[in-house]
Amino acid sequence: PFQDEKPPTRAELGRAGWTLLHSIAANYPEVATPEMQTHARQFIASFAALYPCPTCREHFQGYVRTHPPALESREQFVKWCCRAHNAVNLRLGKPTIPCTDLQLLDKRWRDCHCDEQEPQNMIRAARR
Ligand code: FAD
């Protein structure tokens, strides 16, 4: 029940944050209009500015400043997110992922089955 649930830990927040970021990039238009590029740029800037873990926020804002995202295409956005995540992985001593392999990244993040009926989605999640 809701009253027994706790706020997310840094790791839980991280997994949720990366899930949202990679999923957005994986489903971005193949060739983005200037309007979509603005949405993506503003989203990344806001995500970085509002991220609830202070240390993570500081590092991520620094990364965005020194590595401005290329957002003309889905491929560019997906690869930028992968490199940004790798920078954190490296800092935390976690394994990195080959960011040149778009197929591999799509297999992990692209198909969210988001249009399935809600109960089926929940069954899928419970089976994981
Ligand atoms: P996560 O790193 O959360 O990864 C989740 C899944 O993403 C993996 O299982 C894998 O399938 C996939 N994945 C891994 N690497 C990549 C990649 N390069 N490209 C695409 N997919 C990939 N934690 C800290 O302790 N200090 C920090 O400074 C910090 N900064 C963060 C900044 C941001 C913006 C975010 C979103 C999170 C940050 N975190 C930080 C949290 C940290 O990155 C992890 O999310 C957390 O440690 C949990 O790690 P995990 O091993 O469960 O997998």
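Here are three short exercises on the predicted model above, each with a worked solution. Residue numbers start at 1 along each chain as its sequence is written. Local features need pLDDT of at least 70, side-chain atom pairs count only at pLDDT 80 or more, and totals for chains, interfaces and linings use all residues.

**Exercise 1.** Work out which elements give two or more residues to the shell around the ligand.

*Solution.* Start with the shell: 22 residues surround the ligand, each with its C-beta atom, placed from the backbone, within 6 Å of it. The closest are Gly14, Gly17, Cys56, Cys82 and His85. Next, the elements: α1 (10-26), α3 (54-66), α4 (74-91) and α5 (102-109) each give two or more, helices being DSSP runs of H or I, at least four residues, numbered from the N terminus. The top contributor is α1, with seven residues.

**Exercise 2.** Check the length of α4 against its expected span.

*Solution.* Take 1.5 Å times one less than the number of residues. For the 18 residues of α4 that should come to 26 Å, and the end C-alpha atoms are 26 Å apart, so the two agree. Just after α4, Gly93 has a positive phi of about 70 degrees.

**Exercise 3.** Find the buried residues of α4 and what covers them.

*Solution.* Buried means 20 or more other C-beta atoms (placed from the backbone) within 10 Å of a residue's own. In α4, that picks out Phe77, Val78, Trp80, Cys81, Cys82 and Ala84. Their cover includes α1, α2 (34-50), α3 and α5. Now zoom in on Cys81: leaving aside neighbours within four places in sequence, Cys81 is in contact (C-beta atoms, placed from the backbone, within 7 Å) with Leu21, His22 and Ala25.

Key: Two residues are in contact if their C-beta atoms, placed from the backbone, lie within 7 Å. A residue is buried if 20 or more other C-beta atoms lie within 10 Å of its own, exposed if 12 or fewer, and partly exposed in between; C-beta atoms are placed from the backbone.
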